[in-house]
Amino acid sequence: MRDDEILRYIGPPLRSIPLGSPFGQRYVPPVDDIHASVGGGPELYGNPDAVGEVLFEKGGFDAAIVTAPNRLVRSDRRHEVAVMRATNEWLAASWLQSRHGERFRASIDVSPTNVAAAIKEIERWAAHPGFVQVAVPLQVHSPYGEQEYFPILEAAASFGLPVAIHGDGGGGAELTPTMAGLPTKFVEYHTLFPLNAMVHLVSVITEGVFDRLPDLTLVLTDGCAAVMPPFLWRVDAKARALKEEMPWVGRRPTEYLNQVRFVPRRDDFPRDRNQLETMIHLARDGACLLYGSNYPMWDLVDLQAGDWPPADLFPQPFFGANALDTYPRLRPVRQAT
Amino acid sequence: MKPETDNGSANGGGHEVDIRIIDIDVHFKPANAFALTDRLPEPWRSRTNIHRALTKAPLYNPYTGAMRLDAKPEGGPTGSDPSLAGRQLLQEAGVDLAINIPVGEYFCPLVEPDLNAALSSAVNEWQAATWLGDFKGHTRYRGSISVAANNVPAAVREIEKWAGDPRFVQVLVPHHAGAPYGSPQFDPIWAAASKHGLPVAIHSNVGLEQYMTPVGLIQRYPEYNGIGHPLFLAHHLVSLITYGSFDRFPQLRIVMVEGGFSLYGPVISRLDRAWEALGGENKGLPSDYLRDHVRFSSQPVEEPDSFDDLARMWAWGDASHLLMFSTDYPHWDFDDPARAISPRFGDATRRRVYLENAREFYGLPGKRPADEFDARPAPAAASH
């Protein structure tokens, strides 16, 4: 993807603002090529036809969901909304119209800081069969259980669209990325930052959003599948003891996991086989896990490459049936192939 | 570290009893703030409203407070009466030794660094003169050297002052000091603690912390207790490893108090995997540092529906080597040793968690003099 592909959908004067992080990234992975998994530059990973060849013709995947970059929370709210709209138009006109357009599906980027615009965007694209979920940034200024966001989640659920919470790379107008102060090294940031998805998850649970929206599915795409259940046990114990303080929450926190999906990242797969099996077991025996490659990033998950972990440790639904269950709109793809 | 010798007085008949349960996290209080303000030097002692600066509560609490309702004595704050505490903790719960961690009201870190250092001195003097002193007639309690994380030179002086006193078994820092604890600004504290063989406990406290999470303000206590504390402690742990504190101070030992246990196994496994790809500047894998350098307190023991799930996470987290029992007396979510750790973990693991891990880590004795709280036997279920 080149910036000008998206900028053409943005009118003046906002078109003049750089599209990516305005100040670069605070934490940069110390790897030779952050797209090392691809073996090519933007001419490959930014080209739907080339990526389609890699994923569908060589890789054997039936379908792939594209979540575009640029989901930054920006200081300029008008710009944030404009980029989100442009990104969706670009997704519809490029990836969803490409040679493998019937295999690609996309996420509707929405700006959480402008709820009215977000709902308009969901309504605009919900009828498009290529869009299968709503995507919001992990980095945001209030947890997603807050009342202010409820209309976004409600709109998504009403169209049968799961909501994916996805980190944006750390270059937006965001708060300090960890509780205890600024991480000093990339490996520290990379290990810890995704844990913040738990704040959103517990907020959504304890604000009763899942009770009000039993059809809502939350997809946490930044991993930490094995970390979340023990965190939820802690919340469970307190929520159980203080049940009368949260009468709007009908179940115990862990009992909402059927409305949650985790996309494990490469670093979520421990080297120890027992630990890996524990991770799968705690995610409702794998039912909460969705396969995501994170293509084309440096920490690609490629279970076909013979790297750890071996694919046969996972229940078969991890590779397809769980996604079909989570994203009903994927089913036509399956039938067509 | 060599076990200390037993040298306390006893009222229980002059014989010794085996230590079976060590509780590494209890919270005692004075009757009021004057116990501390009277120990402050000028100009703070006479500062207008100084007692108010010492009177704080966390932003997040259960509506009815965070203390055991049955542990509040007449006319004083919960945890301020040695007789009541002795009865509930030592006699009823059957705890043999308990380590006091002075946090919360009256012990809150203060933003003014020199005052904060003076308060730390007052806190330590108060511990030494009261709960660690001879006013209780027994030797069941140990103390923590509270230090000012926002005044590193003073923290070092405070460690030097008390390090020779065997009643103090560790150094105490708050969960938030503005930067993760691997940052080199804290190195002098780790150096001083290491030099004296003292572990450093990290425990949540009220005063210098931030409540804003990286994705905004959460609303209530289950969120903060469930996620907030562990997010702080997880960051300090990862930071101490990745910024090489344990390499710079091979004798440095850290206790992560009250921030959960089961979740750290997966966090450190994530770090191990990231390490492979990103290259670390440390000597070994992150997980290799834990047995030599890190321990965790147990309370609140997690309660998943399935014992098997907890057992899996304890295996992942190496509980039989890294976990030390705590009650968190007199807090509302007190863990009773009679029930906290399921017999299904087996005698060997329970013995390590209730006793041996802490005894080895802190160099505590295997026996203690009998005292008045032995007059009635501990509940049978607590024995193992």
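**Reading a predicted two-chain model**

Mentor: In chain A of this predicted model, 77% of the contacts between residues at least 6 apart in sequence join residues at least 24 apart.

Trainee: What makes a pair of residues count as a contact?

Mentor: A contact needs heavy atoms within 4.5 Å. The 77% applies to pairs at least 6 apart in sequence.

Trainee: How do you know whether the radius of gyration of chain A agrees with that of a compact globule?

Mentor: The rule is 2.2 Å times the number of residues to the power 0.38. For 337 residues this gives a value near 20 Å, and chain A has 19 Å, so the two agree. Along its principal axes, the C-alpha trace of chain A spans about 55 × 45 × 45 Å.

Trainee: How much of chain A is buried?

Mentor: Buried residues account for 61% of its 337 residues. The area that chain A exposes is about 12700 Å², with 51% supplied by carbon and sulfur atoms.

Trainee: Why is Ser239(B) called buried?

Mentor: The term requires under 20% relative accessible area. Ser239(B) has 0%, therefore it is buried. This residue lies in helix H7 (residues 221-242) of chain B. Among the residues that Ser239(B) touches are Glu188(A), Pro180(B), Tyr181(B) and Gly244(B).

Trainee: Why is Gly14(B) called exposed?

Mentor: Exposed means over 50%. Gly14(B) has 67% relative accessibility, so it counts as exposed. Its place is in the segment before strand S1 (16-18) of chain B. From Gly14(B) to Phe334(B) the C-alpha distance is 31 Å, with their positions 320 residues apart in sequence.

Trainee: What covers the buried residues of H5(A)?

Mentor: The cover includes helix H4 (77-93), strand S2 (104-109), strand S3 (131-137) and helix H6 (150-158) of chain A. The buried residues of helix H5 (residues 115-125) include Ala117(A), Ile119(A), Glu121(A) and Trp125(A). Chain A has 13 helices and 6 strands.

Trainee: How far apart are the mean positions of the positive and negative charges of chain A?

Mentor: They are 3 Å apart, taken over 32 positive and 41 negative charges.

Trainee: What is the average pLDDT of chain B?

Mentor: The average is 92, and 93% of the residues score at least 70. Over residues 1-10 of chain B, however, the pLDDT is below 50, although this stretch has 26 contacts in the model beyond near neighbours in sequence. Where pLDDT is low, predicted coordinates should not be read in detail.

Trainee: What does the model score for ipTM and pTM?

Mentor: Its ipTM is 0.94 and its pTM is 0.94.

Technical notes: Residues are numbered from 1 along each chain as its sequence is written. Chains are lettered from A and ligands numbered from 1 in the order in which they are written. This is a predicted model: local features need pLDDT of at least 70, side-chain atom pairs count only at pLDDT 80 or more; totals for chains, interfaces and linings use all residues. Side-chain values use heavy atoms; hydrogens and water are left out. Helices (H or I, at least four residues) and strands (E, at least two) are DSSP runs, numbered from the N terminus. Buried means under 20% relative accessible area, exposed over 50%, partly exposed in between (1.4 Å probe, protein chains only). Accessible areas come from the Shrake-Rupley method with a 1.4 Å probe; for residues, only the protein chains shown count as cover. Lys and Arg count as positive and Asp and Glu as negative; His and the chain ends are not counted. The place of a charge is taken as NZ of Lys, CZ of Arg, CG of Asp or CD of Glu. pLDDT is the predictor's confidence in each residue, from 0 to 100. Lists of a residue's contacts leave out its neighbours within four places in sequence.
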